[in-house]
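Student: I would like to go through this structure with you, beginning with individual side chains and then moving to the overall fold. Shall we start?

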Amino acid sequence: MLEELRWKTSVSATCLHTAVCRARGMEAADAALAAAVTPAADALIVELNAAGWPTPAVLEELTSLAAEIDNNRELVSRVIARLRLSIADVAFPVRVAGAIADLEAAVRRTQPQLAEELPARIRPIREQWEARAPGMLIEIARLTDPMIVPQAAEIVLVSPYVGGHGLAHAAQNRVTLEAVLFNPLPKLPEVVRLAWLISQLNADLPMLTDVLPARRSLAAMKLAMIAPVLAAAEAVELGQCDEAAVTGALRAWQPQSNAEQTAATIWSWWQAWMEHPTRWPVAVAALEQMLTKDI
């Protein structure tokens with residue numbers, strides 16, 4: 001069960017988060033912000049593509065580490081080592097670090113008070129979390145496996161770009177979350193999204209990677225945890241858990257997915273799990289197989 005939760009903000013992670021959203025084709029909530037930072041974000045994406053690196057994965061890894069590494073060259077070097085990226089030209093890491101610096105400058109020009117404003121965004125989501133999350137986490141563990149909820153995690157709040165978005169970084173036991181000041185979807189509060197993200201942080205445990213390779217287990221857990229998190233939210237009167245709610249969560253949390261078809265599969269799988277629970281890792285692997293057949 002979660003015993004330690006650290007909250008922090010990061011300007012650097014905010015900047016890289018904008019590039020992640022651009023690379024994923026996500027629409028900005030603020031057109032003026034998008035216009036100001038898009039050239040620099042796209043330039044960074046161009047540099048990563050030129051290096052031949054998996055751009056979205058690299059950007060997500062950069063974002064996950066940005067809150068703890070200030071130097072951009074060191075940040076790029078760490079990601080190269082972690083992802084075992086090949087370097088065809090020794091200039092690539094320097095150029096990527098420079099592109100990150102340019103993106104940071106563009107964001108700071110557009111939001112000059114960002115470093116001062118971000119900490120004020122912690123309180124609303126933290127108060128919601130402390131009021132409802134303990135009950136949700138107990139229910140998530142009961143519905144799945146006690147090992148699913150991590151013992152410690154870090155929440156890095158970033159300035160909103162999409163208007164509600166987040167990423168789980170299992171390797172760092174860290175979540176990046178857009179610090180919105182209100183719930184964009186009243187029927188799906190952001191605290192529920194946060195519980196969903198935290199529930200993915202143990203996706204790299206051997207209990208799961210022994211059944212599915214690490215990359216596949218991470219992807220599978222994103223979808224497998226939607227129904228139990230919604231069920232936990234329903235238990236603390238924060239939402240509903242039915243097929244329509246699963247569809248809504250997919251649209252909000254995984255906007256690239258075929259929401260209706262995927263939700264139908266997840267709901268069928270969840271109903272089967274509730275009637276005949278087995279081992280959670282086996283169930284996650286079964287869901288992945290079901291979804292693969294649907295493609």
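Student: Is E68 buried, exposed or partly exposed?

Tutor: This is a predicted model. In it, E68 has a relative accessible area of 40%, and is therefore partly exposed.

Student: Which residue forms a salt bridge with E68?

Tutor: The partner is R78, with 3.7 Å between the closest N and O atoms. This pair links distant parts of the chain, since R78 belongs to helix α4 whereas E68 sits in the loop between α3 and α4, 10 residues apart. R78 is likewise described as partly exposed, at 31% relative accessibility.

Student: What about R82, and which residue does its side chain meet in a salt bridge?

Tutor: R82 meets E61, at 2.7 Å from N to O. R82 lies in helix α4 (residues 72–83) and E61 in helix α3 (residues 55–66), so the salt bridge ties together parts 21 residues apart in sequence. E61 is buried, with a relative accessible area of 14%, whereas R82 is partly exposed at 39%.

Student: How far apart are the closest N and O atoms of E139 and R142?

Tutor: They are 2.6 Å apart, and the two residues form a salt bridge. Both belong to helix α7, and because they are three residues apart, about one helical turn separates them. E139 counts as buried at 18% relative accessibility, while R142 is exposed at 57%.

Student: Which residues are joined into one network by salt bridges that share partners?

Tutor: The network consists of E4, R6, E68, E74, R78, E154 and R174. In the whole structure, a search finds 16 salt bridges.

Student: Changing topic: in what order do the strands of the sheet run?

Tutor: The order is β1-β2-β4-β3, in an open sheet of four strands with mixed pairing. β1 (4–9) and β3 (166–169) are the edge strands; each has a single partner, so one side of each lacks a neighbour in the sheet. From one strand to the next, the twist averages 15°.

Student: In which sense does β4 pair with β3, parallel or antiparallel?

Tutor: Antiparallel, over four bridges, with β4 covering residues 174–178. G166, for instance, has L177 in β4 as its bridge partner, and L167 stands opposite T176. The two strands form a hairpin with four residues between them, and N173 in the turn has a positive phi of about 50°. By contrast, β2 and β4 pair in the parallel sense over five bridges, and V158 is found opposite E178 in β4.

Student: How many residues of β4 are buried?

Tutor: Five of its five residues are buried. Both faces are covered, with R174, T176 and E178 on one side and V175 and L177 on the other.

Student: Which strands does helix α7 touch?

Tutor: Helix α7 (residues 122–143) packs on the sheet and touches β1, β2 and β4, its direction making about 160° with that of β1.

Student: Finally, how many helices and strands are there in the protein?

Tutor: The protein has 14 helices and four strands. Its radius of gyration is 19 Å, close to the 19 Å given by the globule rule for 295 residues, so the protein is as compact as a globular protein of that length. The C-alpha trace spans about 55 × 40 × 35 Å along the principal axes, and 53% of the 295 residues count as buried.

Note on methods: Residues numbered from 1 in each chain as written. Predicted model: local features only at pLDDT ≥ 70, side-chain atom pairs only at ≥ 80, totals over all residues. Heavy atoms only, no water. Pairing = 2+ DSSP bridges. Axes fitted to C-alpha atoms, helices over the stretch in contact; angles between N-to-C directions. Contact = heavy atoms within 4.5 Å. Buried < 20%, exposed > 50% of the residue type's maximum accessible area, 1.4 Å probe, protein only. Rg over C-alpha atoms; globule rule 2.2 N^0.38 Å. Salt bridge = Lys/Arg side-chain N within 4 Å of Asp/Glu carboxyl O.
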